[in-house]
Amino acid sequence: MKHIVLTGGGTAGHVTPNIALVPFLREAGYQISYIGSYDGIERRLIEELNIPYYGISSGKLRRYFDVKNFTDPFRVLKGFHEAKKLLKELKPDVVFSKGGFVTVPVVIAAKKCKIPAIIHESDMTPGLANKLCISSAVKICCNFPETVSNLPQEKAVLTGTPIRQELLNGNPEAGRQFCGFTSEKPVIMVIGGSLGAASVNNHVRKILPELLKEFQVIHLCGKGKTEESLKGTAGYVQYEYIKKELADLFALADIVISRAGANAICEISALHKPNLLIPLSANASRGDQILNARSFERQGFSMVLEEEEITDEKLLSSIRKLYADRHIYEKAMAAGKQMDSIHHILSLIEECVRPEQNRQD
């Protein structure tokens with residue numbers, strides 16, 4: 001049986017594309033193992049799928065000064081030795097990495113063990129973790145055409161991002177019942193990402209009284225970011241994180257407000273949900289979300305509002321305009337070219353699986 005090691009972690013965006021691949025890998029006859037951090041969000045998400053999970057030491061790679069910059073290189077080095085030992089024990093035929101700091105020691109260890117590693121970059125420009133992995137990878141899957149031209153020609157492949165197929169089969173009525181909503185007002189879904197987005201949460205809550213006059217609001221606000229004083233507010237529900245019912249909530253939503261992480265916006269686009277993107281500002285990130293958002297805006301898929309521009313009035317008027325123009329956005333997304341990312345990536349994995357004679361005994 002062919003054996004694949006999946007890796008990726010730190011945020012749900014570094015795990016969900018791997019999860020999207022799992023049923024298809026199983027169908028293709030792969031044995032699957034997962035390497036992540038000791039206690040990242042990926043551990044719970046993967047163990048729920050009954051996939052053997054192995055934790056390794058992981059350090060964050062920062063572009064700014066932090067005292068941990070002096071200790072984290074040792075954590076990464078420890079992670080490399082742990083990953084190398086694991087890969088020698090597991091003897092996989094291929095490694096597939098979705099990014100995040102934990103993947104760096106895994107991909108570098110794979111090269112040392114002569115195991116082909118494929119990495120996936122969802123954003124327009126590669127993150128620091130993936131940049132460090134490029135020289136150790138045999139192929140780099142990309143989400144944006146613009147990314148391919150900035151990577152080694154023999155490695156970069158435009159595949160798009162794997163979408164969890166269960167999201168395409170949501171039931172709006174089940175979502176309505178889950179939220180306790182009526183059918184009298186349209187529904188907005190606000191997504192802050194798995195770690196939450198305090199700024200987006202705060203802006204939405206400030207205009208909530210006005211929003212609730214016209215809409216009902218589903219607020220996915222991140223771990224520890226629910227607001228006690230708003231519990232029981234009619235037409236408003238808040239959750240830290242939703243897994244099982246997410247497809248139904250998407251099906252119920254008329255419009256979506258979201259950060260502009262690549263995986264999130266690809267899922268929103270695949271579902272043809274009119275969306276307002278509030279990318280993480282360049283002050284708080286490397287600016288990848290801004291590039292992602294502007295690309296989708298150019299294609300007519302999204303409305304974009306940058307964090308520095310937000311006022312209560314501007315956010316409220318943008319939401320109203322998005323809802324009024326929702327059919328224009330739905331039409332643009334429906335006409336957009338959807339790549340069959342899952343099967344494209346699966347065929348790439350098949351190509352890269354080590355030939356029998358190169359496998360370790």
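Student: In this predicted model, in which loop is Asp123 found?

Tutor: The model is a predicted one, and the elements on either side of the residue give its place. One of them is helix α5, which covers residues 128-133, and the residue belongs to the stretch that joins this helix to a strand. Asp123 is therefore placed, with its burial at 12% relative accessibility, in the loop between β5 and α5.

Student: Is Asp123 buried or exposed?

Tutor: A residue counts as buried when its relative accessible area is under 20%. Asp123 has a relative accessibility of 12%, so its class is buried.

Student: Which residue has a side chain joined to that of Asp123 by a polar contact?

Tutor: Leaving out residues up to four places away in sequence, Asp123 touches Phe144, Thr147, Ala262, Arg286, Asp288 and Asn292. The polar contact between side chains has a length of 2.6 Å, and the partner of Asp123 in it is Asn292.

Student: What is the order of the strands in the open sheet of seven strands?

Tutor: The pairing in this sheet is parallel, and the order runs from β3 at one end to β7 at the other. These two are the edge strands, β3 with residues 53-56 and β7 with residues 156-158, and each of them pairs on one side only. From one strand to the next the twist averages 25°. Read across, the order is β3-β2-β1-β4-β5-β6-β7.

Student: Which residue of β6 is the bridge partner of His120?

Tutor: Strand β5 takes in residues 117-121 and strand β6 takes in residues 139-142, and the two pair in the parallel sense over four bridges. In β6, the residue that partners His120 is Cys141.

Student: At about what angle does helix α1 run to β1?

Tutor: Helix α1, made of residues 16-27, lies across three strands, namely β1 (3-7), β2 (31-37) and β4 (94-97). Another helix, α4 (residues 103-112), also packs on the sheet, where it touches β1, β2, β3, β4 and β5 and makes about 155° with the direction of β4. For α1 and β1, the angle is about 170°.

Student: How many of the twelve residues of α1 are buried?

Tutor: The buried residues of α1 include Thr16, Ile19, Val22 and Leu25. They pack against β1, β2, α2 (41-47), β4, α11 (262-270) and α15 (341-352). Helix α1 is largely enclosed by the rest of the structure, because the number of its residues that are buried is nine.

Student: Which residues is Leu316 in contact with, leaving aside its neighbours within four places in sequence?

Tutor: Leu316 has its place in helix α13, which covers residues 312-324, and it is buried, with a relative accessible area of 11%. Its C-alpha atom is 9.8 Å from that of His203, although the two are 113 residues apart in sequence. With the neighbours within four places left aside, the contacts of Leu316 are Ile207, Glu210 and Leu211.

Student: What is the radius of gyration of the protein?

Tutor: The protein holds 15 helices and 13 strands. For its 361 residues the globule rule gives 21 Å, and the value for this protein is close to that, so it is as compact as a globular protein of that length, with a radius of gyration of 21 Å.

Student: What percentage of the residues in the protein is buried?

Tutor: The accessible surface of the protein comes to about 16,100 Å², and 53% of it belongs to carbon and sulfur atoms. Out of the 361 residues, the buried ones make up 55%.

How values were computed. Residues are numbered from 1 along each chain as its sequence is written. This is a predicted model: local features need pLDDT of at least 70, side-chain atom pairs count only at pLDDT 80 or more; totals for chains, interfaces and linings use all residues. Side-chain values use heavy atoms; hydrogens and water are left out. Two strands pair if DSSP finds at least two bridges between them. Axes are lines fitted to C-alpha atoms, for helices over the stretch in contact, and angles run from 0 to 180 degrees between N-to-C directions. Contact means heavy atoms within 4.5 Å. The radius of gyration is taken over C-alpha atoms; the globule rule is 2.2 Å times the number of residues to the power 0.38. Buried means under 20% relative accessible area, exposed over 50%, partly exposed in between (1.4 Å probe, protein chains only). Accessible areas come from the Shrake-Rupley method with a 1.4 Å probe; for residues, only the protein chains shown count as cover. A polar contact is a pair of N or O atoms within 3.5 Å; within protein, one must be able to donate a hydrogen and the other to accept it, and residues adjacent in sequence count only if both atoms are side-chain atoms.
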